[in-house]
Amino acid sequence: MRCTYCMPAEGFDSVAHANILTYEEILRIVRISSQIGVKKFRITGGEPLVRRGIVELVKEMNSIDGVETTFTTNGLLLEEMAESLKGAGVKRLNISIDSLKRERFHKITLTDKLDKVLRGIEKAHEVGFNPIKLNVVAIKGFNDDEIMDFVALAKDRPYHVRFIEFMPMRENSWDRDQFMACDEIEGVIKNNLPQPLIAVHEKNSPSRDYSIDGYAGRIGLISPVSRHFCDSCNRIRLTSDGHIKSCLLREGEEDIKTAMRKGATDEEVKFLISRAVILKGAGHSLGDSETPLENADRPMTQIGG
Ligand code: SAM
């Protein structure tokens, strides 16, 4: 897929294989970070399910004491892979879907495969993933008239439908007129729903979650632009080329791959990971000024959402 809010239509320069972390390196980092308190590992991308041997990797990750794995995926390969992911011990799935209308889905992803993604979601539900989180980037003038259709997905199924504010990132198609704040999305839902939204507090969750009487699932609002949640964000990111980023929206990285390839001991790697955590900034500045994101050193495709 080439989601236009995430990457240029013509794609991007690929990274040489030698510059990508090997599975052995990833497993070493997972093992070491699990020893200093990191327990949840979300695999994202790019599209994580296209990487060869990914099921074996998560199986190995899950065999490390205390490690929980989850994925964020575009859902295209789930019809075939959901069962083996479940079998490999994956705990939860986040699936991105920004329109339930075929033509719009094609326009935003540049791929005419809405039905395949819907079948993938269904398959993930069938094999027992629960909850399944559905990520919807809210784009004014594009999918804002589908908000209630997405909310309806949470009625009979335990899906968590999460609306994400459209973030201006390097190399994406952001436009101020297309921005829709979570408060506005919440207003649309409240105006159209007879039942009240009931706040559900989830520790360290990036989303404000709500349950609705009579609904099996939930609704979530993720507001990286209009209402920062930095004070409760405990995430750090490891890029596929081996750099630790302690904030998606700030520059600054710890090059852990080079250190490992130069022979760093486990204690030294532990130190680098800890330093990245300690130096995690108090907040980011997205949405604070008219400038989109002047301090972004990488496009989203190189970090993972
Ligand atoms: N390929 C996978 C997928 O489609 O979910 C994982 C990578 S994708 C970058 C991860 C998440 O980031 C998706 O839910 C996507 O919608 C979100 N995302 C990407 N660009 C975004 C933007 N500019 N604003 C808000 N969310 C964005």
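In which loop is the place of Asn204? I began my notebook with that residue, and I found Asn204 in the loop between β6 (197-200) and β7 (207-212). I note at the outset that I am working from a predicted model.

**Entry 1: backbone angles.** I looked up phi for Asn204 and read a positive value near 60°, in a residue other than glycine. The relative accessible area of Asn204 is 26%, and I therefore list Asn204 as partly exposed, since that class runs between 20% and 50%. I then turned to Leu110, which also is not a glycine and has a positive phi of about 60°. Leu110 sits in the loop between α4 and α5, and because its relative accessibility is 39%, I count it as partly exposed. I flagged these residues because most residues other than glycine have a negative phi.

**Entry 2: peptide bonds.** I went through the omega values next, keeping in mind that most peptide bonds are trans. The bond from Asn130 to Pro131 is cis, with omega near 0°, and Pro131 belongs to the loop between α5 (114-126) and β4. The bond from Gly45 to Gly46 is cis as well, with omega near 25°, and I placed Gly46 in the loop between β1 (40-43) and α2 (54-62). I kept Gly46 in mind for the following entry, since Gly46 is listed among the residues closest to the ligand.

**Entry 3: the ligand and its shell.** How many residues surround the ligand? I found 20, with Tyr5, Gly46, Glu47, Ser96 and Met167 as the closest. By class, I recorded 8 nonpolar, 10 polar and 2 charged residues in this shell. For the polar contacts, I noted a polar side-chain atom of Tyr5 at 3.1 Å from an oxygen atom of the ligand, and a polar side-chain atom of Glu47 at 3.0 Å from a nitrogen atom of the ligand. With Thr73 the partner is on the backbone, where a polar atom is 3.4 Å from a ligand oxygen atom. I then looked up the areas: the ligand taken alone exposes 560 Å², and the protein buries 94% of that. The elements that give two or more residues to the shell are β2 (68-73), β4 (132-138) and β5 (159-165).

**Entry 4: the nonpolar cores.** Which residues touch the most other members of the largest nonpolar core? I found that they are Leu85 and Phe163, in a core of 63 residues. I listed the contacts of Phe163 beyond its neighbours within four places in sequence, and they are Val136, Ile147, Phe150, Val151, Cys182, Ile185, Ile189, Ile219, Gly220, Leu221 and Ile222. Apart from this core lies another, of 20 residues, and I noted Cys3, Phe179, Leu249 and Met300 among them.

**Entry 5: His106.** I closed with His106, which I located in helix α4 (residues 102-109). Is His106 buried or partly exposed? Its relative accessible area is 36%, which means that His106 is partly exposed. Leaving aside the neighbours within four places in sequence, I found His106 in contact with Thr111 and Asp112. I also looked up its separation from Ile36: the two are 70 residues apart in sequence, and 43 Å apart in space from C-alpha to C-alpha.

How values were computed
Residues are numbered from 1 along each chain as its sequence is written. This is a predicted model: local features need pLDDT of at least 70, side-chain atom pairs count only at pLDDT 80 or more; totals for chains, interfaces and linings use all residues. Side-chain values use heavy atoms; hydrogens and water are left out. A nonpolar core is a set of buried Ala, Val, Leu, Ile, Met, Phe, Trp, Tyr and Cys residues joined through side-chain atoms within 4.5 Å. Buried means under 20% relative accessible area, exposed over 50%, partly exposed in between (1.4 Å probe, protein chains only). Contact means heavy atoms within 4.5 Å. Helices (H or I, at least four residues) and strands (E, at least two) are DSSP runs, numbered from the N terminus. A residue is near a molecule or strand if one of its heavy atoms lies within 4 Å of it. A polar contact is a pair of N or O atoms within 3.5 Å; within protein, one must be able to donate a hydrogen and the other to accept it, and residues adjacent in sequence count only if both atoms are side-chain atoms. Accessible areas come from the Shrake-Rupley method with a 1.4 Å probe; for residues, only the protein chains shown count as cover. Ala, Val, Leu, Ile, Met, Phe, Trp, Tyr, Cys and Pro count as nonpolar, Asp, Glu, Lys and Arg as charged, and the others, Gly among them, as polar.
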